[in-house]
Amino acid sequence: MSEIEIKNLTKIFEIKGHTVTALSDVSLSIEKGDIFGIIGMSGAGKSTLVRTVNYLEKPTQGSILIDGINLSTLSEKELRIKRREIGMIFQNFNLLEQKNVIDNICFPLEIAGTKRKEARIRAKELLKTVNLEDKEKAFPSQLSGGQKQRVAIARALATNPSILLCDEATSALDPQTTDSILKLLKEINETLGITIVIITHQMSVVTEVCKHVAIIDNGKLAEEGEVDKIFESPSSDAAKELITGSEINYTPLKSLDTKRKIRIVFKENSAYEPVISNMILKFKTPVNILKADTRNVGGKARGEMILALPEDEAVSEEIILYLKENGLAVADYEGEA
Amino acid sequence: MFDSKVIGMIIEGIRDTLYMTLGSTLVGYLLGLPLGILLYVTNSKGLKPNKIIYGIGDFICNIIRSIPFLILLILLIPFTRLIVGKSYGSTATIVPLVICAAPYIARVVESSLNEVDAGVIEAAKAMGASNLQIIFKVLLVEAKTSLFTGATITTGLLLGYSAMSGTVGGGGLGDIAVRYGYYRWQTDIMIVTVILLIVIFQIIQNLGTFMAKKIDHRKK
(Lines give C-alpha, C1' and ligand atoms only; values in the text may rest on other atoms or scores of the structure.)
Protein backbone atom coordinates (compact mmCIF):
# COMPACT_ATOMS: atom_id res chain seq x y z
CA MET A 1 0.00 0.00 0.00
CA SER A 2 1.35 3.36 -0.95
CA GLU A 3 1.58 5.98 1.74
CA ILE A 4 -0.04 8.67 -0.37
CA GLU A 5 -2.43 7.73 -3.10
CA ILE A 6 -3.94 10.34 -5.35
CA LYS A 7 -6.74 8.87 -7.42
CA ASN A 8 -8.28 10.55 -10.47
CA LEU A 9 -8.00 13.93 -8.83
CA THR A 10 -9.83 16.81 -10.47
CA LYS A 11 -10.02 20.27 -8.97
CA ILE A 12 -12.17 22.98 -10.46
CA PHE A 13 -12.23 26.52 -9.10
CA GLU A 14 -15.15 28.89 -9.56
CA ILE A 15 -13.79 32.39 -9.84
CA LYS A 16 -16.34 35.12 -10.47
CA GLY A 17 -18.54 32.92 -12.60
CA HIS A 18 -15.63 31.43 -14.54
CA THR A 19 -14.62 27.86 -13.99
CA VAL A 20 -10.92 27.11 -13.96
CA THR A 21 -9.76 23.51 -14.08
CA ALA A 22 -6.63 23.52 -11.95
CA LEU A 23 -6.14 19.76 -12.04
CA SER A 24 -7.74 17.14 -14.21
CA ASP A 25 -7.68 13.42 -13.59
CA VAL A 26 -4.31 13.22 -11.85
CA SER A 27 -3.36 9.88 -10.31
CA LEU A 28 -0.14 9.32 -8.38
CA SER A 29 1.20 6.88 -5.82
CA ILE A 30 3.90 7.94 -3.43
CA GLU A 31 5.67 5.25 -1.45
CA LYS A 32 6.78 5.44 2.14
CA GLY A 33 10.24 6.93 2.58
CA ASP A 34 10.39 8.38 -0.91
CA ILE A 35 11.44 11.87 -1.85
CA PHE A 36 8.90 12.66 -4.51
CA GLY A 37 9.21 15.72 -6.69
CA ILE A 38 6.25 17.37 -8.37
CA ILE A 39 7.48 19.78 -10.98
CA GLY A 40 5.78 22.07 -13.41
CA MET A 41 5.77 25.60 -14.74
CA SER A 42 4.03 28.19 -12.59
CA GLY A 43 0.28 27.88 -12.88
CA ALA A 44 0.52 24.20 -13.80
CA GLY A 45 -1.52 23.25 -10.74
CA LYS A 46 1.21 21.72 -8.60
CA SER A 47 0.54 23.89 -5.55
CA THR A 48 -3.13 22.98 -5.72
CA LEU A 49 -2.12 19.34 -5.99
CA VAL A 50 0.01 19.41 -2.84
CA ARG A 51 -2.78 21.19 -0.95
CA THR A 52 -5.17 18.38 -1.68
CA VAL A 53 -2.81 15.94 0.03
CA ASN A 54 -3.63 17.50 3.42
CA TYR A 55 -7.07 18.56 2.27
CA LEU A 56 -6.40 22.29 2.52
CA GLU A 57 -8.05 22.08 -0.90
CA LYS A 58 -10.85 19.58 -1.23
CA PRO A 59 -10.92 17.70 -4.53
CA THR A 60 -13.82 18.38 -6.88
CA GLN A 61 -13.57 14.77 -8.01
CA GLY A 62 -11.34 11.88 -7.10
CA SER A 63 -9.84 10.95 -3.78
CA ILE A 64 -6.76 11.21 -1.58
CA LEU A 65 -5.73 8.21 0.46
CA ILE A 66 -3.17 8.50 3.23
CA ASP A 67 -2.12 5.07 4.48
CA GLY A 68 -5.22 3.70 2.84
CA ILE A 69 -7.58 6.12 4.59
CA ASN A 70 -9.70 8.21 2.28
CA LEU A 71 -9.56 11.78 3.59
CA SER A 72 -13.09 12.48 2.39
CA THR A 73 -14.43 9.98 4.94
CA LEU A 74 -12.97 11.92 7.87
CA SER A 75 -14.90 14.48 9.93
CA GLU A 76 -13.47 17.98 10.35
CA LYS A 77 -12.04 17.01 13.72
CA GLU A 78 -10.53 13.74 12.48
CA LEU A 79 -9.05 15.62 9.56
CA ARG A 80 -7.37 18.10 11.89
CA ILE A 81 -5.81 15.24 13.83
CA LYS A 82 -4.72 13.60 10.57
CA ARG A 83 -3.00 16.82 9.54
CA ARG A 84 -0.63 16.48 12.49
CA GLU A 85 0.82 13.51 10.63
CA ILE A 86 1.47 15.67 7.59
CA GLY A 87 3.97 18.49 8.05
CA MET A 88 4.14 21.32 5.57
CA ILE A 89 6.65 24.04 4.70
CA PHE A 90 6.14 26.99 2.37
CA GLN A 91 7.91 29.33 -0.01
CA ASN A 92 7.37 32.29 2.34
CA PHE A 93 8.11 30.24 5.47
CA ASN A 94 4.88 31.44 7.14
CA LEU A 95 6.34 31.70 10.61
CA LEU A 96 4.48 33.53 13.36
CA GLU A 97 6.26 36.88 13.33
CA GLN A 98 5.30 37.75 16.90
CA LYS A 99 6.66 34.52 18.37
CA ASN A 100 10.31 33.64 18.81
CA VAL A 101 11.95 30.59 17.27
CA ILE A 102 11.29 28.15 20.06
CA ASP A 103 7.66 29.25 20.44
CA ASN A 104 7.18 28.84 16.71
CA ILE A 105 8.46 25.28 16.90
CA CYS A 106 6.30 24.59 19.96
CA PHE A 107 3.23 25.98 18.18
CA PRO A 108 1.96 22.80 16.47
CA LEU A 109 2.47 20.96 19.75
CA GLU A 110 0.50 23.63 21.58
CA ILE A 111 -2.28 23.13 19.03
CA ALA A 112 -2.13 19.39 19.57
CA GLY A 113 -2.47 19.95 23.32
CA THR A 114 1.01 18.77 24.31
CA LYS A 115 2.22 19.93 27.73
CA ARG A 116 4.40 23.03 27.54
CA LYS A 117 7.37 21.36 29.23
CA GLU A 118 7.35 18.40 26.86
CA ALA A 119 6.92 20.70 23.89
CA ARG A 120 10.00 22.69 24.92
CA ILE A 121 12.11 19.56 25.18
CA ARG A 122 10.96 18.40 21.76
CA ALA A 123 11.57 21.84 20.27
CA LYS A 124 15.12 21.89 21.59
CA GLU A 125 15.82 18.52 20.00
CA LEU A 126 14.51 19.85 16.70
CA LEU A 127 16.64 22.97 16.93
CA LYS A 128 19.60 20.64 17.07
CA THR A 129 18.35 18.71 14.04
CA VAL A 130 18.13 21.89 11.96
CA ASN A 131 21.34 23.36 13.36
CA LEU A 132 19.89 26.46 14.96
CA GLU A 133 20.54 25.88 18.65
CA ASP A 134 21.86 29.40 19.12
CA LYS A 135 18.73 31.06 17.70
CA GLU A 136 16.25 29.76 20.24
CA LYS A 137 15.15 33.19 21.45
CA ALA A 138 15.47 35.04 18.14
CA PHE A 139 12.42 36.39 16.34
CA PRO A 140 11.81 35.53 12.68
CA SER A 141 12.57 39.12 11.62
CA GLN A 142 16.12 38.62 12.89
CA LEU A 143 16.74 35.52 10.77
CA SER A 144 17.89 35.03 7.19
CA GLY A 145 15.70 33.23 4.66
CA GLY A 146 17.57 29.97 5.07
CA GLN A 147 17.34 30.15 8.85
CA LYS A 148 13.62 30.89 8.64
CA GLN A 149 13.11 27.82 6.46
CA ARG A 150 15.07 25.75 8.98
CA VAL A 151 12.74 26.94 11.72
CA ALA A 152 9.78 26.10 9.49
CA ILE A 153 11.19 22.60 8.93
CA ALA A 154 11.68 22.12 12.66
CA ARG A 155 8.14 23.32 13.23
CA ALA A 156 6.77 20.97 10.59
CA LEU A 157 8.57 18.05 12.23
CA ALA A 158 7.42 18.86 15.76
CA THR A 159 4.43 16.53 15.76
CA ASN A 160 6.49 13.65 14.35
CA PRO A 161 4.73 13.53 11.00
CA SER A 162 5.22 10.67 8.57
CA ILE A 163 4.88 12.97 5.56
CA LEU A 164 6.47 16.34 4.86
CA LEU A 165 5.02 18.54 2.11
CA CYS A 166 7.31 21.22 0.69
CA ASP A 167 5.58 23.88 -1.37
CA GLU A 168 8.27 25.73 -3.34
CA ALA A 169 10.30 25.63 -0.16
CA THR A 170 13.52 26.76 -1.80
CA SER A 171 12.12 29.18 -4.38
CA ALA A 172 12.75 32.25 -2.24
CA LEU A 173 16.31 31.21 -1.40
CA ASP A 174 19.64 31.77 -3.11
CA PRO A 175 21.38 28.74 -4.70
CA GLN A 176 23.73 28.09 -1.79
CA THR A 177 20.99 28.25 0.80
CA THR A 178 18.82 26.09 -1.45
CA ASP A 179 21.56 23.46 -1.41
CA SER A 180 21.83 23.46 2.36
CA ILE A 181 18.06 23.20 2.79
CA LEU A 182 17.92 20.33 0.27
CA LYS A 183 20.71 18.56 2.12
CA LEU A 184 18.79 18.99 5.35
CA LEU A 185 15.66 17.54 3.76
CA LYS A 186 17.61 14.58 2.47
CA GLU A 187 19.16 14.01 5.88
CA ILE A 188 15.73 14.11 7.53
CA ASN A 189 14.44 11.65 4.95
CA GLU A 190 17.30 9.26 5.64
CA THR A 191 17.36 9.49 9.42
CA LEU A 192 13.62 9.70 10.13
CA GLY A 193 12.33 7.75 7.15
CA ILE A 194 9.83 10.52 6.54
CA THR A 195 8.17 10.69 3.12
CA ILE A 196 8.88 14.02 1.47
CA VAL A 197 6.86 15.58 -1.33
CA ILE A 198 8.63 18.49 -3.00
CA ILE A 199 6.77 20.95 -5.18
CA THR A 200 9.07 23.02 -7.33
CA HIS A 201 9.56 24.67 -10.69
CA GLN A 202 13.33 24.13 -10.55
CA MET A 203 14.59 20.95 -12.22
CA SER A 204 17.84 21.24 -10.26
CA VAL A 205 15.90 20.70 -7.02
CA VAL A 206 14.38 17.52 -8.39
CA THR A 207 17.62 16.13 -9.78
CA GLU A 208 19.46 16.88 -6.58
CA VAL A 209 17.24 15.16 -4.01
CA CYS A 210 14.25 13.42 -5.51
CA LYS A 211 14.01 9.74 -6.25
CA HIS A 212 10.77 9.97 -8.16
CA VAL A 213 9.25 12.81 -10.06
CA ALA A 214 5.90 13.72 -11.56
CA ILE A 215 5.65 16.40 -14.19
CA ILE A 216 2.47 18.45 -14.13
CA ASP A 217 1.59 20.42 -17.21
CA ASN A 218 -1.58 22.45 -17.52
CA GLY A 219 -3.28 20.58 -14.69
CA LYS A 220 -2.52 17.18 -16.15
CA LEU A 221 0.06 14.58 -15.25
CA ALA A 222 2.47 14.66 -18.17
CA GLU A 223 4.92 12.05 -17.03
CA GLU A 224 6.12 10.33 -13.89
CA GLY A 225 8.80 7.89 -12.86
CA GLU A 226 12.32 7.62 -11.50
CA VAL A 227 14.27 10.84 -11.74
CA ASP A 228 17.22 9.00 -13.37
CA LYS A 229 15.08 7.62 -16.15
CA ILE A 230 13.20 10.80 -16.85
CA PHE A 231 16.39 12.84 -16.86
CA GLU A 232 17.92 10.44 -19.37
CA SER A 233 14.98 10.10 -21.66
CA PRO A 234 12.12 12.46 -21.08
CA SER A 235 9.17 11.56 -23.27
CA SER A 236 6.66 14.35 -22.70
CA ASP A 237 7.16 17.83 -24.11
CA ALA A 238 6.78 19.33 -20.65
CA ALA A 239 9.56 17.12 -19.29
CA LYS A 240 11.84 17.94 -22.21
CA GLU A 241 11.28 21.60 -21.73
CA LEU A 242 11.92 21.44 -18.01
CA ILE A 243 15.07 19.37 -18.41
CA THR A 244 16.66 21.11 -21.33
CA GLY A 245 14.75 24.01 -22.77
CA SER A 246 14.51 26.55 -20.08
CA GLU A 247 18.06 26.40 -18.86
CA ILE A 248 19.88 26.90 -22.11
CA ASN A 249 20.88 30.42 -22.88
CA TYR A 250 23.23 29.79 -25.72
CA THR A 251 22.38 30.17 -29.36
CA PRO A 252 24.64 28.44 -31.86
CA LEU A 253 25.56 29.93 -35.19
CA LYS A 254 22.98 29.16 -37.88
CA SER A 255 25.64 27.35 -39.90
CA LEU A 256 26.10 24.89 -37.04
CA ASP A 257 22.43 24.18 -36.87
CA THR A 258 22.18 20.94 -38.80
CA LYS A 259 19.12 18.92 -39.62
CA ARG A 260 19.49 16.36 -36.90
CA LYS A 261 20.39 16.97 -33.30
CA ILE A 262 20.56 14.51 -30.46
CA ARG A 263 20.71 14.82 -26.72
CA ILE A 264 22.93 12.30 -24.96
CA VAL A 265 23.20 11.65 -21.26
CA PHE A 266 26.28 10.10 -19.72
CA LYS A 267 25.70 7.64 -16.96
CA GLU A 268 28.15 6.94 -14.21
CA ASN A 269 30.22 4.32 -16.03
CA SER A 270 30.38 6.21 -19.29
CA ALA A 271 31.22 9.54 -17.70
CA TYR A 272 34.84 8.46 -17.28
CA GLU A 273 35.41 7.16 -20.78
CA PRO A 274 36.36 9.44 -23.66
CA VAL A 275 33.32 8.28 -25.66
CA ILE A 276 33.08 11.32 -27.90
CA SER A 277 36.79 11.30 -28.77
CA ASN A 278 36.64 7.60 -29.54
CA MET A 279 33.57 8.14 -31.67
CA ILE A 280 35.20 10.84 -33.77
CA LEU A 281 38.32 8.71 -34.23
CA LYS A 282 36.18 5.77 -35.24
CA PHE A 283 33.90 7.49 -37.75
CA LYS A 284 36.44 10.09 -38.91
CA THR A 285 33.56 12.54 -39.02
CA PRO A 286 33.37 15.70 -36.93
CA VAL A 287 30.31 16.43 -34.83
CA ASN A 288 29.44 19.73 -33.30
CA ILE A 289 28.86 19.94 -29.57
CA LEU A 290 26.10 22.52 -29.21
CA LYS A 291 25.81 22.27 -25.50
CA ALA A 292 27.49 20.35 -22.70
CA ASP A 293 26.69 20.32 -19.04
CA THR A 294 27.08 18.16 -15.97
CA ARG A 295 24.50 17.81 -13.30
CA ASN A 296 24.05 16.22 -9.95
CA VAL A 297 21.19 13.76 -10.25
CA GLY A 298 20.42 12.05 -6.96
CA GLY A 299 24.00 12.46 -5.84
CA LYS A 300 25.48 11.01 -9.06
CA ALA A 301 27.25 13.07 -11.68
CA ARG A 302 25.35 13.14 -14.96
CA GLY A 303 26.76 14.61 -18.14
CA GLU A 304 24.46 15.99 -20.76
CA MET A 305 25.33 17.00 -24.32
CA ILE A 306 23.52 18.23 -27.37
CA LEU A 307 25.26 17.11 -30.58
CA ALA A 308 24.68 18.19 -34.16
CA LEU A 309 25.09 15.11 -36.35
CA PRO A 310 26.67 15.02 -39.81
CA GLU A 311 24.44 15.45 -42.89
CA ASP A 312 25.06 11.85 -43.94
CA GLU A 313 22.14 9.95 -42.48
CA ALA A 314 23.76 6.53 -42.57
CA VAL A 315 26.72 7.80 -40.56
CA SER A 316 24.34 9.51 -38.16
CA GLU A 317 22.50 6.26 -37.54
CA GLU A 318 25.77 4.46 -36.91
CA ILE A 319 26.88 7.15 -34.49
CA ILE A 320 23.66 6.82 -32.52
CA LEU A 321 24.06 3.05 -32.41
CA TYR A 322 27.65 3.43 -31.25
CA LEU A 323 26.68 5.82 -28.44
CA LYS A 324 23.89 3.53 -27.28
CA GLU A 325 26.25 0.58 -27.23
CA ASN A 326 28.53 2.59 -24.99
CA GLY A 327 25.80 2.92 -22.40
CA LEU A 328 24.62 6.43 -23.17
CA ALA A 329 21.02 7.53 -23.28
CA VAL A 330 20.34 9.01 -26.71
CA ALA A 331 17.28 10.88 -27.91
CA ASP A 332 16.48 13.14 -30.80
CA TYR A 333 16.49 16.76 -29.82
CA GLU A 334 14.06 19.17 -31.36
CA GLY A 335 14.81 22.34 -29.47
CA GLU A 336 16.64 25.40 -30.63
CA ALA A 337 19.73 24.11 -28.77
CA MET B 1 -10.61 83.21 39.81
CA PHE B 2 -8.89 79.84 40.22
CA ASP B 3 -9.92 79.29 43.77
CA SER B 4 -9.92 75.90 45.44
CA LYS B 5 -13.49 75.36 44.31
CA VAL B 6 -12.64 75.72 40.65
CA ILE B 7 -9.49 73.61 40.98
CA GLY B 8 -11.46 70.92 42.75
CA MET B 9 -14.01 71.03 39.95
CA ILE B 10 -11.33 70.72 37.29
CA ILE B 11 -9.73 67.77 39.07
CA GLU B 12 -13.12 66.13 39.26
CA GLY B 13 -13.55 66.90 35.57
CA ILE B 14 -10.28 65.17 34.72
CA ARG B 15 -11.37 62.15 36.75
CA ASP B 16 -14.76 62.01 35.06
CA THR B 17 -13.25 62.42 31.62
CA LEU B 18 -10.79 59.57 32.20
CA TYR B 19 -13.59 57.46 33.67
CA MET B 20 -15.81 58.02 30.63
CA THR B 21 -13.05 57.58 28.08
CA LEU B 22 -11.42 54.47 29.51
CA GLY B 23 -14.72 52.98 30.69
CA SER B 24 -16.35 53.33 27.29
CA THR B 25 -13.22 52.03 25.52
CA LEU B 26 -13.20 48.99 27.76
CA VAL B 27 -16.90 48.20 27.44
CA GLY B 28 -16.71 49.15 23.76
CA TYR B 29 -14.06 46.50 23.24
CA LEU B 30 -16.12 43.91 25.12
CA LEU B 31 -18.73 44.36 22.40
CA GLY B 32 -16.63 45.52 19.46
CA LEU B 33 -13.84 42.94 19.61
CA PRO B 34 -16.13 39.90 19.27
CA LEU B 35 -18.12 41.74 16.60
CA GLY B 36 -14.93 42.55 14.70
CA ILE B 37 -13.80 38.92 14.92
CA LEU B 38 -17.25 37.83 13.73
CA LEU B 39 -17.01 40.17 10.73
CA TYR B 40 -13.55 38.84 9.88
CA VAL B 41 -14.54 35.19 10.25
CA THR B 42 -17.78 35.43 8.25
CA ASN B 43 -16.32 37.57 5.47
CA SER B 44 -16.28 35.87 2.07
CA LYS B 45 -12.54 35.26 2.46
CA GLY B 46 -12.77 34.44 6.18
CA LEU B 47 -12.41 31.22 8.11
CA LYS B 48 -16.13 30.44 7.90
CA PRO B 49 -17.77 32.61 5.27
CA ASN B 50 -21.41 33.34 5.99
CA LYS B 51 -23.11 35.94 3.82
CA ILE B 52 -26.13 36.38 6.09
CA ILE B 53 -24.23 36.89 9.36
CA TYR B 54 -21.68 39.13 7.69
CA GLY B 55 -24.44 41.09 5.98
CA ILE B 56 -26.27 41.74 9.26
CA GLY B 57 -23.09 42.73 11.13
CA ASP B 58 -21.95 44.91 8.27
CA PHE B 59 -25.34 46.64 8.07
CA ILE B 60 -25.57 47.35 11.81
CA CYS B 61 -22.04 48.76 11.86
CA ASN B 62 -22.71 51.03 8.94
CA ILE B 63 -26.05 52.29 10.30
CA ILE B 64 -24.68 53.22 13.71
CA ARG B 65 -21.52 54.72 12.31
CA SER B 66 -23.45 56.92 9.93
CA ILE B 67 -25.36 58.63 12.77
CA PRO B 68 -23.50 61.70 14.10
CA PHE B 69 -22.53 61.21 17.74
CA LEU B 70 -24.46 64.20 18.98
CA ILE B 71 -27.66 62.87 17.42
CA LEU B 72 -26.95 59.39 18.78
CA LEU B 73 -26.50 60.91 22.21
CA ILE B 74 -30.00 62.38 22.09
CA LEU B 75 -31.60 59.40 20.32
CA LEU B 76 -30.32 57.05 23.00
CA ILE B 77 -31.63 59.02 26.00
CA PRO B 78 -34.54 56.61 26.66
CA PHE B 79 -32.24 53.62 26.31
CA THR B 80 -29.66 55.19 28.64
CA ARG B 81 -32.34 55.89 31.19
CA LEU B 82 -33.42 52.26 30.98
CA ILE B 83 -29.92 50.98 31.67
CA VAL B 84 -28.39 53.50 34.08
CA GLY B 85 -31.54 54.98 35.56
CA LYS B 86 -30.75 58.56 34.51
CA SER B 87 -29.70 60.30 31.33
CA TYR B 88 -27.09 62.75 32.65
CA GLY B 89 -23.76 62.36 34.41
CA SER B 90 -20.63 60.51 33.40
CA THR B 91 -21.92 56.97 33.89
CA ALA B 92 -24.92 57.73 31.72
CA THR B 93 -22.63 59.12 29.01
CA ILE B 94 -20.78 55.82 28.81
CA VAL B 95 -23.88 54.19 27.28
CA PRO B 96 -24.01 56.26 24.06
CA LEU B 97 -20.20 56.30 23.94
CA VAL B 98 -20.16 52.50 23.94
CA ILE B 99 -22.92 52.24 21.34
CA CYS B 100 -20.99 54.67 19.16
CA ALA B 101 -17.63 53.01 19.77
CA ALA B 102 -18.53 49.32 19.38
CA PRO B 103 -19.12 49.33 15.58
CA TYR B 104 -16.11 51.59 15.11
CA ILE B 105 -13.99 49.17 17.15
CA ALA B 106 -15.42 46.23 15.20
CA ARG B 107 -14.21 47.84 11.95
CA VAL B 108 -10.79 48.62 13.39
CA VAL B 109 -10.46 45.04 14.66
CA GLU B 110 -11.65 43.61 11.33
CA SER B 111 -9.07 45.59 9.39
CA SER B 112 -6.30 44.63 11.84
CA LEU B 113 -7.15 40.96 11.42
CA ASN B 114 -7.26 41.37 7.64
CA GLU B 115 -3.62 42.41 7.77
CA VAL B 116 -2.54 39.02 9.12
CA ASP B 117 -0.66 37.12 6.42
CA ALA B 118 -2.92 34.50 4.84
CA GLY B 119 0.10 32.17 4.61
CA VAL B 120 0.44 32.03 8.39
CA ILE B 121 -3.23 31.08 8.70
CA GLU B 122 -2.77 28.41 6.05
CA ALA B 123 0.25 27.06 7.95
CA ALA B 124 -1.84 26.86 11.12
CA LYS B 125 -4.57 25.01 9.23
CA ALA B 126 -1.99 22.60 7.87
CA MET B 127 -0.89 21.92 11.46
CA GLY B 128 -4.44 20.90 12.29
CA ALA B 129 -5.52 24.05 14.13
CA SER B 130 -9.25 24.56 14.64
CA ASN B 131 -10.86 27.88 13.75
CA LEU B 132 -11.01 28.88 17.43
CA GLN B 133 -7.31 28.10 17.81
CA ILE B 134 -6.58 30.13 14.69
CA ILE B 135 -8.51 33.10 16.10
CA PHE B 136 -6.98 33.07 19.56
CA LYS B 137 -3.51 31.68 18.93
CA VAL B 138 -2.74 33.08 15.50
CA LEU B 139 -4.91 36.04 14.50
CA LEU B 140 -5.06 37.92 17.79
CA VAL B 141 -1.39 37.24 18.48
CA GLU B 142 -0.10 38.21 15.05
CA ALA B 143 -2.33 41.28 14.86
CA LYS B 144 -1.59 42.48 18.40
CA THR B 145 0.43 45.53 17.37
CA SER B 146 -2.17 46.67 14.92
CA LEU B 147 -4.94 45.96 17.45
CA PHE B 148 -3.11 48.01 20.04
CA THR B 149 -2.67 50.92 17.65
CA GLY B 150 -6.37 50.68 16.83
CA ALA B 151 -7.25 50.78 20.53
CA THR B 152 -5.14 53.90 20.96
CA ILE B 153 -6.90 55.67 18.12
CA THR B 154 -10.27 54.57 19.51
CA THR B 155 -9.41 55.91 22.97
CA GLY B 156 -8.44 59.26 21.47
CA LEU B 157 -11.70 59.37 19.55
CA LEU B 158 -13.74 58.58 22.65
CA LEU B 159 -11.91 61.26 24.61
CA GLY B 160 -13.17 63.78 22.07
CA TYR B 161 -16.68 62.36 22.09
CA SER B 162 -16.82 62.34 25.89
CA ALA B 163 -16.06 66.05 25.82
CA MET B 164 -18.83 66.52 23.26
CA SER B 165 -21.28 64.86 25.61
CA GLY B 166 -20.72 67.80 27.93
CA THR B 167 -23.25 69.71 25.84
CA VAL B 168 -26.03 67.51 27.20
CA GLY B 169 -24.75 67.35 30.76
CA GLY B 170 -22.36 64.50 30.42
CA GLY B 171 -19.86 65.61 33.03
CA GLY B 172 -16.12 65.75 32.73
CA LEU B 173 -13.88 68.42 31.18
CA GLY B 174 -16.13 68.92 28.16
CA ASP B 175 -19.02 69.71 30.48
CA ILE B 176 -16.92 72.30 32.32
CA ALA B 177 -15.79 73.86 29.07
CA VAL B 178 -19.35 74.20 27.83
CA ARG B 179 -20.81 75.48 31.08
CA TYR B 180 -18.12 78.02 31.89
CA GLY B 181 -16.78 78.88 28.48
CA TYR B 182 -20.02 78.93 26.49
CA TYR B 183 -22.75 79.82 28.95
CA ARG B 184 -20.81 82.05 31.35
CA TRP B 185 -18.18 83.58 29.06
CA GLN B 186 -15.37 82.48 31.39
CA THR B 187 -12.89 81.93 28.60
CA ASP B 188 -9.94 81.27 30.93
CA ILE B 189 -11.57 78.18 32.43
CA MET B 190 -12.47 76.98 28.98
CA ILE B 191 -8.89 77.39 27.79
CA VAL B 192 -7.60 75.47 30.79
CA THR B 193 -9.95 72.56 30.09
CA VAL B 194 -9.01 72.55 26.41
CA ILE B 195 -5.30 72.46 27.33
CA LEU B 196 -5.99 69.61 29.73
CA LEU B 197 -7.84 67.69 27.00
CA ILE B 198 -4.89 68.19 24.66
CA VAL B 199 -2.46 66.97 27.31
CA ILE B 200 -4.56 63.89 28.09
CA PHE B 201 -4.87 63.14 24.38
CA GLN B 202 -1.10 63.42 23.92
CA ILE B 203 -0.45 61.12 26.84
CA ILE B 204 -2.87 58.49 25.53
CA GLN B 205 -1.51 58.68 21.98
CA ASN B 206 2.17 58.59 22.94
CA LEU B 207 1.71 55.87 25.51
CA GLY B 208 -0.21 53.82 22.93
CA THR B 209 2.41 54.29 20.24
CA PHE B 210 5.19 53.45 22.67
CA MET B 211 3.46 50.29 23.88
CA ALA B 212 2.61 49.19 20.34
CA LYS B 213 6.26 49.46 19.37
CA LYS B 214 7.33 47.69 22.51
CA ILE B 215 5.21 44.60 21.88
CA ASP B 216 6.01 44.38 18.17
CA HIS B 217 8.58 41.75 17.24
CA ARG B 218 8.35 42.14 13.49
CA LYS B 219 11.04 44.77 13.09
CA LYS B 220 14.03 44.93 15.33
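## Pocket, cavities and a six-stranded sheet

The lining of the largest pocket is made up of 12 nonpolar, six polar and 11 charged residues. In this count Ala, Val, Leu, Ile, Met, Phe, Trp, Tyr, Cys and Pro are nonpolar, Asp, Glu, Lys and Arg are charged, and the others, Gly among them, are polar. The structure is a predicted model, in which local features need pLDDT of at least 70 and side-chain atom pairs count only at pLDDT 80 or more, while totals for chains, interfaces and linings use all residues. Residues are numbered from 1 along each chain as its sequence is written, chains are lettered from A and ligands numbered from 1 in the order in which they are written, and side-chain values use heavy atoms, with hydrogens and water left out.

The largest pocket has a volume of about 1,000 Å³. On a 1 Å grid over the protein atoms alone, a pocket is an open set of points with protein on both sides within 12 Å along at least five of seven lines, a cavity is a set where a 1.4 Å probe fits but cannot get out, and lining residues have an atom within 4 Å of a point. Points are joined across faces, edges and corners, and a volume is the space filled by probe spheres set on the points. In total, 29 residues line the largest pocket, and those nearest its centre are Leu56(A), Lys45(B), Gly46(B), Leu47(B) and Lys125(B). Chain A contributes at least two lining residues from each of β1 (4–15) and α2 (76–83), and chain B does so from each of α5 (90–114), α6 (118–126) and α7 (131–142). These element names refer to DSSP runs numbered from the N terminus: helices are H or I with at least four residues, and strands are E with at least two. With four residues, α6(B) supplies the largest share of this pocket's lining.

Turning to enclosed space, there are two cavities of 30 Å³ or more. The largest cavity has a volume of about 130 Å³. It is lined by 15 residues, with Gly87(A), Met88(A), Arg155(A), Ala156(A) and Met127(B) closest to its centre. At least two lining residues come from each of β6 (86–90) and α5 (145–157) of chain A and α6 of chain B, and β6(A) gives the most, four residues. By class, this lining holds 10 nonpolar, two polar and three charged residues.

The strand β6(A) can be followed further. All five of its five residues are buried, so β6(A) is largely enclosed by the rest of the structure; buried means under 20% relative accessible area, exposed over 50%, and partly exposed in between, with a 1.4 Å probe and protein chains only. Ile86(A), Met88(A) and Phe90(A) point to one side of the strand, and Gly87(A) and Ile89(A) to the other. Its parallel partner is β7 (residues 163–167) of chain A, joined to β6(A) by five bridges, with Met88(A) opposite Leu165(A). Two strands count as paired if DSSP finds at least two bridges between them.

Both strands belong to an open sheet of six strands in chain A, in the order β6-β7-β8-β3-β9-β10, with mixed pairing. At the edges stand β6 and β10 (220–226), each with a single partner strand, so one side of each has no neighbour in the sheet. Next in the order, β7(A) and β8(A) are parallel, with five bridges, and Cys166(A) has Ile198(A) in β8(A) as its bridge partner.

Cys166(A) and Ile198(A) also help line the second largest cavity, whose volume is about 50 Å³. Both α6 (175–192) and β8 (195–200) of chain A supply at least two residues of its lining, and the largest share, three residues, comes from β8(A). Seven residues of this lining are nonpolar, two polar and one charged.

Within helix α6 of chain A lies Thr178(A), which is buried at 6% relative accessible area. The Thr178(A) side chain reaches the backbone oxygen of Leu173(A) at 3.5 Å.

Two loop residues of chain A have positive phi without being glycine. Asp67(A), with phi near 50 degrees, sits between β4 (61–66) and β5 (69–70) and is partly exposed at 33%. Asn218(A), with phi of about 55 degrees, lies between β9 (212–217) and the edge strand β10 and is exposed at 64%.

Technical notes: Polar contact = N/O pair within 3.5 Å; in protein donor to acceptor, adjacent residues only side chain to side chain.
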